[in-house]
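Visitor: I should like to learn how the descriptive terms for a protein chain are justified. Could the structure be shown, please?

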Amino acid sequence: MNVLVTGATSGIGKVAAHELQRAGATVIALGRDPGKLAQLSGMQTVQCDLSSLADIRRAAAEIRSRFSQLHVLLNNAGALYHQRLLSRDGLEMTFAVNHLAYFALTQELLPLLKASAPARIVNVASEASRAAPVDLADLQNTRWRGVRGGLRAYARSKRENLLFTFELARRLEGTGVTANAVHPGPVRSGFGMGAGWFAWLVKLGTPFLLTPEQGAQTVVWACTAPELERVSGKYFYKKREIRAVGQAYDTELQKALWEASEKLATPTSPAPAAS
């Protein structure tokens, strides 16, 4: 079984990659830092900056050329920023890394996944998705306001993960490829520690947070559990299905976000105007 894990060099992604490897999978670890990738013993590695659509396309082409099969795509990589930043494509970074990278990489690898069916796509979402609605008129989070701007952008991106997962599952019906989302729980890892105010909050809450090993349990289960082979379009926490925030089930919004994402991920799409 070939499993691709994004964000495999730290936190939940690193633990999940090692657990999947111990379970017998050939793990393809995708990460931005070549030095950290080199430290992953026994894994296949692919370097990729997920904030760049061109680099996502390049990495996907490399994966397709190196591997004839892909049975699991684990979209795990994510980021939280303390200020509004733009990617090289002119996209707000939270949206670019946390949502559009999931969308673009999945689209690039779908033919390989379908050819390898039964196959799975597992998207790491979060219960933070309950904190902010998706606004199609402001996908680039232009109305960023102070400390709360970063948290709001992150929460929106996690709700976008759910909308994407549910629409993807519907589009994949009959292909042998499933798509599900997972909430790993509040995890004590290096995530978001570059945002000073968030790092401070994490330190205060450390005694109440899960370890990366605990957080990775449901993620690994969603990638491997035999009972989930035909299960699609679900949201899991602690190895049980849970109900997502109501807006995530809005089928018209799911389709609209898909179409907007498709336009932004297309190579010929002009970058949105910076603001």
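Guide: The following exchange sets values from this structure against definitions.

Guide: This is a predicted model, in which local features need pLDDT of at least 70, side-chain atom pairs count only at pLDDT 80 or more, and totals for chains, interfaces and linings use all residues. Residues are numbered from 1 along each chain as its sequence is written, and side-chain values use heavy atoms, without hydrogens and water.

Visitor: How do you know that the span of helix H3 (residues 53–66) agrees with what it should be?

Guide: Helices are DSSP runs of H or I with at least four residues, strands are runs of E with at least two, and both are numbered from the N terminus. The expected span is 1.5 Å times one less than the number of residues. The 14 residues of H3 should therefore span 20 Å, and its end C-alpha atoms are 20 Å apart, which agrees.

Visitor: Which residues of H3 are called buried?

Guide: Buried means under 20% relative accessible area, exposed over 50%, and partly exposed in between, with a 1.4 Å probe and protein chains only. In H3, Leu53, Asp55, Ile56, Ala59, Ala60 and Ile63 are buried.

Visitor: What puts them on the same side of H3?

Guide: The arc is that of the directions from the helix axis to the C-beta atoms. The buried residues cover an arc of only 155° around the axis, and therefore lie on the same side of H3.

Visitor: What makes S3 and strand S8 (240–241) edge strands?

Guide: Two strands pair if DSSP finds at least two bridges between them. The open sheet of 8 strands has the order S3-S2-S1-S4-S5-S6-S7-S8; S3 and S8 each pair on one side only, and are its edge strands.
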